[in-house]
Amino acid sequence: METLEKNTQKQIGDYVAEDYRTAAVFSKYKIDFCCNGGRTIDEACQKKGVDSNLLLDELNSVLNNKGNEVIDYKSWPLDLLIDYIEKKHHRYVEEKIPVLKQFLDKLCRVHGERHPELFKINELFTGSAGDLAAHMKKEELVLFPFIKKMVQAQLTNGSIERPHFGMVENPIAMMKHEHDNEGERFRQIADLTDNYNPPSDACNTYRVTFAMLEEFEKDLHLHIHLENNILFPQAIKLEQLFG
């Protein structure tokens, strides 16, 4: 049986980039692998009061389970990864936001008096919905097309014009900052919903809404991980080839 080297200095984002199944282990201990994937196992475990040897043993267990097919996102060409992010994750956000907003508005009307935290949850999600819509458009109209131009230039041994934003690290830094904001919003939503556990008097709409919010957060974590830990670092490396 293969075992992980007991490397507590390896970054969390690297584990998840190599095998996304490890995300479940980090999530179990409430260790952020998407926005804060740049931390080492040691740093994250110290902050959360988690035994790093226990965490590494659980990571080993996941990595040695060959039963599930693992998608190797790191091996994908960047233009394919961009298309996947847009068609799977951007589309998911666009489809789920109006449904969730409708449900949250209804919960506030019907249950807000007994559960006033619903108003704050609704406010946080509405803020996230607006910011994510603007964020995704910036990626789709500015950053992603430039990365695709670099991919094409590399394939054809061509050159690229310097974009108006200068280095690709500039818009990437902005996107990562916006990812941090969404990560923080959903940490607050998770706290306010008791980690998406509806109260005992919850109706079906209440339960469905919390389940949808939890699914939305999980999708957002994978979405941010694919960009922060795979797409963005590879785009920065690619740009360096053009001098």
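This report walks through the two largest pockets in the structure, which is a predicted model.

Let's start with the largest pocket, which holds about 840 Å³ of space. Its lining is made up of 27 residues, and the ones nearest the centre are Ser 27, Lys 30, Ile 31, Glu 217 and His 221. If you want to trace the walls on the model, look at helix H2 (23-28), helix H3 (41-48), helix H7 (169-192) and helix H8 (204-240), as each of them puts at least two residues into this lining. The top contributor here is H8, with 6 residues. As for chemistry, the lining of the largest pocket counts 12 charged residues, 10 nonpolar ones and 5 polar ones.

On to the second largest pocket, with a volume of about 210 Å³. Here 14 residues form the lining, and Gln 11, Lys 176, Asn 228, Asn 229 and Pro 233 sit closest to the centre. Helix H1 (12-18), H7 and H8 are the elements that provide two or more lining residues. H8 again takes the largest share, giving 5 residues to the lining of this second pocket. By class, that lining splits into 6 nonpolar, 6 polar and 2 charged residues.

Here are the lining classes side by side:

| Pocket | Nonpolar | Polar | Charged |
|---|---|---|---|
| Largest pocket | 10 residues | 5 residues | 12 residues |
| Second largest pocket | 6 residues | 6 residues | 2 residues |

So which helix should you keep an eye on in the largest pocket? H8 gives the most to that lining, and H8 also has the largest share in the second largest pocket.

Key. Residues are numbered from 1 along each chain as its sequence is written. This is a predicted model: local features need pLDDT of at least 70, side-chain atom pairs count only at pLDDT 80 or more; totals for chains, interfaces and linings use all residues. Side-chain values use heavy atoms; hydrogens and water are left out. On a 1 Å grid over the protein atoms alone, a cavity is a set of points where a 1.4 Å probe fits but cannot get out, and a pocket is an open set with protein on both sides within 12 Å along at least five of seven lines; lining residues have an atom within 4 Å of a point. Grid points are joined across faces, edges and corners, and a volume is the space filled by probe spheres set on the points. Helices (H or I, at least four residues) and strands (E, at least two) are DSSP runs, numbered from the N terminus. Ala, Val, Leu, Ile, Met, Phe, Trp, Tyr, Cys and Pro count as nonpolar, Asp, Glu, Lys and Arg as charged, and the others, Gly among them, as polar.
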